Amino acid sequence: MRKALAWVLVLALLLCGCGKTAEKEKTAEQETVAGVDAKTGAWIGKGGCWKLSGADYPKSCQFSFPYKGERCYVIMDWMENRIQLGERELCCPDGMIGGADAGEDGIWYCLENRGEDGSMTETMIRLGDAGEERERMELSFPKDCFPRGFAVTEDGFCFNCSDRLRIVDRNGALLQDIPHGEWSGKLVKGADGAVYFVEEQKTGGGSLSRVNLQTLALEPLLDYPTGTICSGDGDSPLLLILSDGIYHLRENGESTPLVIWEECGLALSGVQTVEAESDGSYVLCGYSFEPLRMSPSEPSELRPRVRLRLAVMGQFGELPRAVAAFNARSAACCVELVDLREGGLSEDDALTRLNTQILAGDGPDMIAFDGGRGLSPFPYLRKGLLRDLEADFLADGEIDPKDLLIAEPVKRDCGGLYLLSSGFAMETRLGLRETFGDVRGWSFDAYLTLARSTPSDRMVMYNLTREYFLNESAGRFLRRAVNWKNGTCDLDNPDFIKLLEAVRDVVETPEDPNNMVFGTNLMAGGYMATELVMLNHVSALARSVRTVGKPVSIIGFPTPDGSCGTDMSIYPVGVLTSSAHPAECLAFLKDWLLHPNQIPAYRPLFEEELREAGQAGAAADNDPFSQRLDPPLTEQEAQQLRELIAAVEHTTLVDEKAMSIIREETAAFLAGQRSAEETARLIQSRVSLYVSEQA
């Protein structure tokens with residue numbers, strides 16, 4: 001699995017990377033452990049004293065629950081469904097597991113079956129402690145009542161369905177339907193054995209009710225303005241997860257802190273469930289990180305950690321997972337995600353806030369850029385606000401910048417390695433080699449020639465419009481035409497004029513009900529000349545090529561001169577020159593490199609994934625839901641991917657404000673109001689002014 005190499009390097013990278021700045025003066029900036037008395041060393045926090053470590057949970061565990069002093073895991077992925085008690089496998093059902101829970105008489109799980117009329121049948125199965133099947137029963141649900149999970153009660157089951165709670169007895173007889181909001185709410189089994197219903201609101205918070213199994217009704221208990229409710233522990237039936245920590249929650253609404261992150265020197269977000277363990281520890285699970293174990297600690301074990309602030313614009317993909325995992329592993333640093341749009345700010349207002357903080361000397365340590373659509377790195381490059389990471393890597397000595405597969409495209413687009421991403425994807429196009437030849441790209445002229453000769457009942461590109469062609473071609477052209485470091489651009493030239501003319505002459509094939517067909521095999525039949533594919537793991541290219549069944553060329557999008565038409569898609573992080581903690585920032589970036597979720601940007605991990613994909617029955621870790629390659633990846637296929645990556649010249653980074661200028665001026669050209677030459681001159685003038693203003 002990923003990765004022996006990564007885990008060998010992690011400890012050295014974290015401890016060495018952060019330790020290299022021990023000689024620097026950081027008293028004002030260094031994070032202190034707020035819950036420890038600085039003089040006596042005693043714990044003074046309102047919550048408990050805790051530490052985090054990785055939790056050894058089975059891969060693809062969807063949820064778990066306690067049973068007779070052990071933990072029962074429900075594991076589901078594309079390979080198999082499995083129920084596991086501790087380290088013992090209990091069963092591997094053939095169907096989709098719709099839920100599982102423990103009762104006094106064993107472990108119950110259900111398999112979902114949908115009828116042709118839309119009705120649902122749940123097959124309820126009870127397992128003994130050794131995994132043997134003890135009981136089986138069929139429960140039917142109306143087609144408008146989709147089961148979404150259940151809890152075992154003393155006398156039966158309580159199902160949470162799409163629009164109601166449905167209570168049945170142990171013989172499967174319906175006792176009561178209790179309506180609730182459509183597709184809302186969840187069942188929570190309290191540590192006291194009671195069944196609770198939590199109806200969460202989209203705006204945050206929600207309402208808590210107890211399912212009264214005697215009166216077969218909901219008993220409203222309390223409303224809560226924010227947070228997430230989950231099962232509790234011996235001190236309270238429920239726990240309330242808030243942004244600042246986790247709290248014991250009692251039925252009367254009283255809450256007391258179990259842990260407050262800041263008091264323990266921790267930074268953690270995205271916790272969705274907390275599972276109390278019999279040894280006094282807790283397992284924290286969330287969408288943004290691998291399961292973490294929270295264990296009791298002594299105040300003397302907690303060390304001050306440098307707190308790094310990483311600014312993001314709203315939700316940001318897999319980055320929260322990387323941050324949470326780093327914070328659990330690192331003894332010297334922790335990263336705090338700072339949402340620039342917190343409080344409901346617009347993107348423009350969020351950018352104003354960020355830039356004001358930077359000017360005032362109170363900016364973040366790092367910024368996560370979104371490809372340039374809303375938070376562009378280029379103005380910050382123009383102002384010299386981002387560190388040269390190549391120099392940092394060379395000075396650190398742990399990772400050679402030459403082993404970063406994204407380095408050259410980033411340097412071409414940014415004038416240096418000012419941005420880093422742990423992984424990358426490539427959006428490209430395949431074409432039959434018999435049509436295009438053995439090439440890495442195709443020109444505008446080649447596209448137009450092919451489009452004009454293609455019958456009207458066939459197409460060159462699916463869902464092609466002038467707007468799409470302009471965005472793709474002009475975005476790529478900008479990356480070559482603008483020198484952000486020097487503040488210059490070159491858009492008034494024959495190649496850009498040719499681009500504008502190609503946009504005008506596009507043969508549009510927009511999506512409509514008559515042409516909504518997909519699949520690379522369509523190329524082999526001649527229906528489509530090219531097919532868009534997304535390469536986000538090391539076996540994706542081989543899988544796409546195999547689907548075609550004929551020799552293909554990886555041509556990407558047309559370019560003015562027919563050069564490589566494939567770009568790298570990255571969502572990178574940059575380190576601000578104003579950060580007082582560059583070595584700590586580098587420690588985070590190195591850790592991030594070792595735990596990518598797409599094609600690894602770090603060459604040793606990339607090569608390791610290629611080797612794994614070449615083994616019988618293997619699948620890339622970051623491709624858990626696709627079918628395994630059968631036969632496994634060949635060396636020829638691996639080399640084809642290596643050669644494509646080496647040929648890529650650019651990233652997909654684009655400055656949205658520069659692109660908006662191009663769209664505005666091109667609209668008048670497409671409307672016939674001016675020539676391509678006039679349009680190029682106007683675009684050159686406006687973009688030049690914008691770029692120079694970024695100084």
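Over how many bridges do β1 and strand β24 pair, and in which sense? In this predicted model, local features require pLDDT of at least 70 and side-chain atom pairs count only at pLDDT 80 or more, whereas totals for chains, interfaces and linings use all residues. Residues are numbered from 1 along each chain as its sequence is written, and side-chain values use heavy atoms, with hydrogens and water left out.

Strand β1 pairs with β24 (residues 289–296) in the antiparallel sense over five bridges; strands and helices are DSSP runs (E, at least two residues; H or I, at least four), numbered from the N terminus, and pairing requires at least two DSSP bridges. Within this pair, K51 stands opposite S295 of β24. Helix α2 (residues 319–329) packs on the sheet and touches β1 and β24, its direction making about 30° with that of β24. Contact denotes heavy atoms within 4.5 Å, and angles, from 0 to 180 degrees, are taken between N-to-C directions of axes fitted to C-alpha atoms, for helices over the stretch in contact. The open sheet comprises four strands in the order β1-β24-β23-β22, with antiparallel pairing. Its edge strands, β1 (50–54) and β22 (271–276), each pair on one side only.

Most residues other than glycine have a negative phi. N463, which is not a glycine, nevertheless has a positive phi of about 55°. This residue lies in the loop between α8 (444–453) and α9 (466–481) and is partly exposed, with a relative accessible area of 33% (partly exposed lies between buried, under 20%, and exposed, over 50%; 1.4 Å probe, protein chains only). W183, in the loop between β13 (174–179) and β14 (186–189), likewise has a positive phi, near 55°.
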